[in-house]
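Hi,

As promised, I am passing this structure on to you. Have a look at it first, and my notes follow underneath.

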Amino acid sequence: MSQRQLRLGAFIMATGHHIAAWRHPGSQIDSGTNIDHYIEVAKTAERGLFDQVFVADSPGLWFEGDDEAFSRQGRVSHFEPVTLWAALAAVTKHIGFVATASTTYEDPYLLARKFASLDHISKGRAAWNVVTTSAENVHGNFGLDKHPDPETRYERSHEFVDVVKGLWDSFEDDAFSRDPASGVYFDPAKLHTLNHVGKHLKVKGPLNIERSPQGYPVIVQAGSSEPGKELAAATAEAIFTAWTSLAEAKAFYSDVKGRLAKYGRRPEQLLVLPGISPVVGRTQEEADAKWAALQKLIHPSVGLSTIAPFWPGEDLSKWDLDAPPPYIPQPPIGRNSRAHVVLELARRDKLTVRQLYEYLAGARGHWVVVGTPEKIADEIQSWFENGAADGFNVMPPVLPESLDDFVDLVIPELQRRGLFRTEYEGSTLRENLGLERPVNQFTVRKQKAA
């Protein structure tokens with residue numbers, strides 16, 4: 001077995017990542033609010049020795065558009081992730097849980113408390129996916145007149161993460177003696193009040209829960225924009241990203257790893273995990289047939305809704321579906337990284353409108369690989385061994401069917417090649433990911449002052 005091992009996360013999108021997955025017989029049609037479905041999926045991922053499961057989330061509806069396309073969406077109703085993971089922690093032993101929470105719309109004290117609670121409940125298997133929320137339709141849910149601009153969101157996010165870490169350090173690791181003989185429960189000298197006053201946040205503390213098993217839940221960041229990469233380099237321990245070619249993925253990997261030194265960090269302290277959506281067949285013909293069957297389920301109005309954000313203000317219903325887009329706009333400078341990926345894909349591969357939305361329908365611009373277990377393992381190995389990835393965020397097109405296929409067919413192939421574990425290394429998510437447990441910042445200050 002090779003020394004360096006793949007890190008694998010299962011990115012769970014209710015019925016699956018394909019936009020028409022809810023119509024597929026291999027999906028659980030009401031999965032968004034079906035706890036038994038999530039229990040099954042989490043146990044399957046754990047059987048496959050995945051490091052973690054992840055659900056994306058937004059504090060608002062994911063879709064805006066006409067009622068025709070909206071009525072055909074299968075992702076309108078879904079659980080809040082921390083609540084969901086707390087339930088699943090009780091029925092699993094090893095798999096980690098990555099929950100998305102917004103630094104723009106959440107409160108840092110409440111967020112710190114609920115993630116520390118999740119880490120205790122799961123016995124050290126929690127992770128926070130830090131997002132700033134790009135959706136323009138959310139601000140009204142929180143009494144705001146407009147969505148904050150990107151600069152403000154990312155500036156607040158850096159401060160927010162620092163505050164949350166400070167709150168997680170409220171108690172030193174050995175603060176609680178719980179000694180019945182002496183009657184001393186904890187040492188007040190090992191409790192620290194944050195008293196943070198910053199540009200965006202004012203938080204006193206301390207947190208009313210002791211330091212969690214991992215010290216901090218694992219910090220994850222998703223996104224590949226310039227400010228996103230900088231946020232990841234400063235704060236994240238894993239970054240989810242989307243690329244469709246080895247060259248692009250290698251450039252991103254080198255870029256984001258190269259930013260770590262200025263924050264006093266080493267390259268191995270940030271895991272780069274691109275998304276991959278595998279359509280697995282025992283033969284190439286079987287895989288192709290599975291993909292074709294999914295594509296046939298896409299209603300044109302739903303397909304066009306997937307590419308509409310990249311042509312803002314355009315009436316796409318007038319376009320010829322079997323011709324290339326009439327024009328390809330320049331993506332916004334330095335901001336929407338997904339727009340760069342999608343528009344470059346359309347330009348590079350000269351896709352028709354239908355081909356473009358069919359590609360995006362699979363995984364929203366992430367890398368879709370259709371083939372045998374050997375072909376999918378070849379692609380994963382190539383990216384892993386050529387400086388493009390430390391592992392992958394696996395995005396099953398249909399759930400639970402596609403995750404079963406990956407665990408039963410692809411995982412054994414990766415294990416045969418010595419690329420992936422045959423048993424879990426530790427009991428916490430940090431241990432399984434090979435990440436260090438962070439020291440308490442207040443303990444460090446006391447030691448330096450002594």
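How many nonpolar, polar and charged residues are there in the lining of the second largest pocket? By class, the count is 9 nonpolar, 5 polar and 12 charged. Please keep in mind that this is a predicted model.

A little more on that pocket: the volume of the second largest pocket is about 570 Å³. It is lined by 26 residues, and E237, R265, Q269, L435 and E436 are the closest to its centre. Two or more lining residues come from each of α6 (226–235), α7 (246–258) and α14 (429–433).

Next, helix α13. This helix runs over residues 401–416 and spans 23 Å from first C-alpha to last, close to the expected 22 Å. There is a kink in α13 all the same, of about 35 degrees at V410, shortly before the proline P412. V410 is also one of the buried residues of α13, which include L403, F406, L409 and I411 as well as the charged D405 and E413. The buried residues of this helix pack against β1 (7–11), α1 (35–47), β11 (271–280), α8 (284–295), α12 (373–385) and β13 (391–394). Just past the end of α13, G418 has a positive phi of about 75 degrees.

Finally, a look at Q52, which sits in strand β2 (residues 52–55). Q52 counts as buried because its relative accessible area is 2%, under the 20% cut-off. Beyond its neighbours within four places in sequence, Q52 is in contact with L8, G9, A10, I95, G96, V98, F240, L273, L429 and L433.

Enjoy exploring it!

Best wishes

How values were computed. Residues are numbered from 1 along each chain as its sequence is written. This is a predicted model: local features need pLDDT of at least 70, side-chain atom pairs count only at pLDDT 80 or more; totals for chains, interfaces and linings use all residues. Side-chain values use heavy atoms; hydrogens and water are left out. Helices (H or I, at least four residues) and strands (E, at least two) are DSSP runs, numbered from the N terminus. The expected span of a helix is 1.5 Å times one less than its number of residues. The bend at a residue is the angle between axes fitted to the seven residues ending there and the seven starting there. Buried means under 20% relative accessible area, exposed over 50%, partly exposed in between (1.4 Å probe, protein chains only). Contact means heavy atoms within 4.5 Å. On a 1 Å grid over the protein atoms alone, a cavity is a set of points where a 1.4 Å probe fits but cannot get out, and a pocket is an open set with protein on both sides within 12 Å along at least five of seven lines; lining residues have an atom within 4 Å of a point. Grid points are joined across faces, edges and corners, and a volume is the space filled by probe spheres set on the points.
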